[in-house]
Amino acid sequence: MSAPSATSQPSYPDKIDGPVLKIAGVVVLGAIMSILDITVVNIALPTFQTVFAESPEQPLPYSTVAWTVTAYTLALATVIPLTGWAADRFGTKRLYVLAVALFTAGSALCATAGSIEFLIGFRVLQGLGGGMLMPLGMTIMTRAAGPARMGRLMAILGVPMLLGPIFGPILGGWLIEVASWHWIFLINVPIGIVAALYAWWALPSDAPEPSESFDVVGMLLMSPGLALFLYGISSIPGEGTVMSTKVLVPLGIGLAMLVGFVFYSFRPEHPLLDLRLFRNRRLSVATITMFLFAAAFFGGLLLVPTYLQQVRGLDTLHAAFLMVPQGVGAMVTMPIAGALSDRIPVGRIVPFGLLAITGGMFALTQVGVDTPYWGFMVPVLFVMGLGMGGTMMPLMTSALKTLQSHQVARGSTLLNISQQIASSVGVAVISVVFTNYLSASALAGPAIAALHDPTLVDDVGGPAAVQQGLAEAADAFGATFLVAAILVALTLIPASFLPRKHETSHFLDDQTEAAPVVIH
């Protein structure tokens, strides 16, 4: 994909017009499919603990089923660096349709999984397709809209981030209750078919113009190094210690390869991942803020439906309905934050969102066996949703708005890969903290099993022992939420360096360059 020349400089109207909305519809539909899948799987984790267990008395550890989330994000992080080069080599339209098709095929295979190992493997295939959707979509939409409309356009891209938290858990809970867990994946098949056909019709045809060679050395260092590094981190919860061989070996090899990639990436003219972009202060600050935020927020977010099902005994559908206020809160603030990002610096927007999420996380440290739903959980989750809506899109807007046109795809690649690495690290950290707290109680695990299977009550020691075990399990959740809350609070430090004054957009600065520039 080439930067337009001076003779083909695009004109950008002030309002979001029809052609942009048509293209935005393609990107939003693809993002809905991938993000909906993430939230649907989150609500199903307790179900996976039982349906793939060898016996009802011994459900799979939380750290094991969390791999269904980790494997997906690991695959996303691995394929994202290749997306920019592949888009230039094969064309954005073809690659986007291919990504949708790969994600849809992976979804169908997930529904056939007969064991947790097969499910994790098929989730990797899903992630390979899903990993290309967001950076491609952000590039397509950013180039279609121009800098002056980017905040409002990011708010449109935020639609699936609203629909995911609202409808994903409800849809997942309903499908599990009335059908089976297989349908949380099968539902993606018709959506994927529609998304592929719509993309083929709506996206303009683009002729591939590969003007750069592929960074083979960078790929051999970056992708396997990243995969090994994330595998090592994600193995910590299952092993219970960092000093395990299963953790240290892949972690050490992966880290060494990534360090080698960092030093190497400044040598080639067109590296796989352009770390030179971090010279842009706004991009650097936004990326650091995004990394800390994603690690804390998405790691802690996994715990809420698990708490509602394991400690409170709710089924998946009722637990899903209690997650709705978070999506509603995001629906309130995301379009407002998107519009404000076009008018005022994000340094005056993002801190308020982070404060709302921090307050919500600290409030969740008080959860117990009888915490009121409407008097506590609903308002807390609503406030956290308000914070999420005022954080995610303004951060992305801030990072991309001052990049030159040919740098946008490379910048979105850096943002996406940082977010996916952060999500994997966050899930691993939160999982190991929670697993350790839960393991410290001899009654918590058996009590959770007895809550869902009354025949096991006597094995635990009677109703009083079950209540004590559930109270200790609630304490484990509260202590883990405290870790997540502290991590979110730390995000306020880099957020304080976000721009508080208007900065000139450089989006069109390179439009006078006649030579095509390939994006990454």
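Mentor: In this predicted model, a residue is called buried under 20% relative accessible area, exposed over 50%, and partly exposed in between.

Trainee: Why is Phe 167 called partly exposed?

Mentor: Phe 167 has a relative accessible area of 46%. That value lies between the cut-offs of 20% and 50%, so Phe 167 counts as partly exposed. The residue belongs to helix H7.

Trainee: How far is Phe 167 from Thr 39, in sequence and in space?

Mentor: They are 128 residues apart in sequence, and their C-alpha atoms are 8.6 Å apart. Thr 39 is also among the residues nearest the centre of the largest cavity, together with Ile 35, Ile 38, Phe 298 and Gln 419.

Trainee: What makes a space a cavity, and how many of 30 Å³ or more does the search find?

Mentor: A 1.4 Å probe must fit there but be unable to get out. The search of the whole structure finds three of 30 Å³ or more. The largest holds about 630 Å³ of space and is lined by 32 residues.

Trainee: What is the make-up of that lining, and which helix gives the most to it?

Mentor: The lining of the largest cavity has 21 nonpolar residues, 11 polar and no charged. Helix H1 gives the most, with six residues; H7 is one of the helices that supply at least two.

Trainee: How do you know that the length of helix H4 agrees with its number of residues?

Mentor: At 1.5 Å a residue, the 19 residues from 92 to 110 should span 27 Å. The end C-alpha atoms of H4 are 27 Å apart, so the two values agree. Its buried residues include Leu 95, Tyr 96, Phe 103 and Cys 110.

Definitions and conventions
Residues numbered from 1 in each chain as written. Predicted model: local features only at pLDDT ≥ 70, side-chain atom pairs only at ≥ 80, totals over all residues. Heavy atoms only, no water. Helix = DSSP H or I, 4+ residues; strand = E, 2+ residues; numbered from the N terminus. Expected span 1.5 Å × (residues − 1). Buried < 20%, exposed > 50% of the residue type's maximum accessible area, 1.4 Å probe, protein only. 1 Å grid on protein atoms, 1.4 Å probe; cavity = no way out; pocket = protein on both sides within 12 Å on 5 of 7 lines; lining within 4 Å. Points joined across faces, edges and corners; volume = space filled by probe spheres on them. Nonpolar A, V, L, I, M, F, W, Y, C, P; charged D, E, K, R; others polar.
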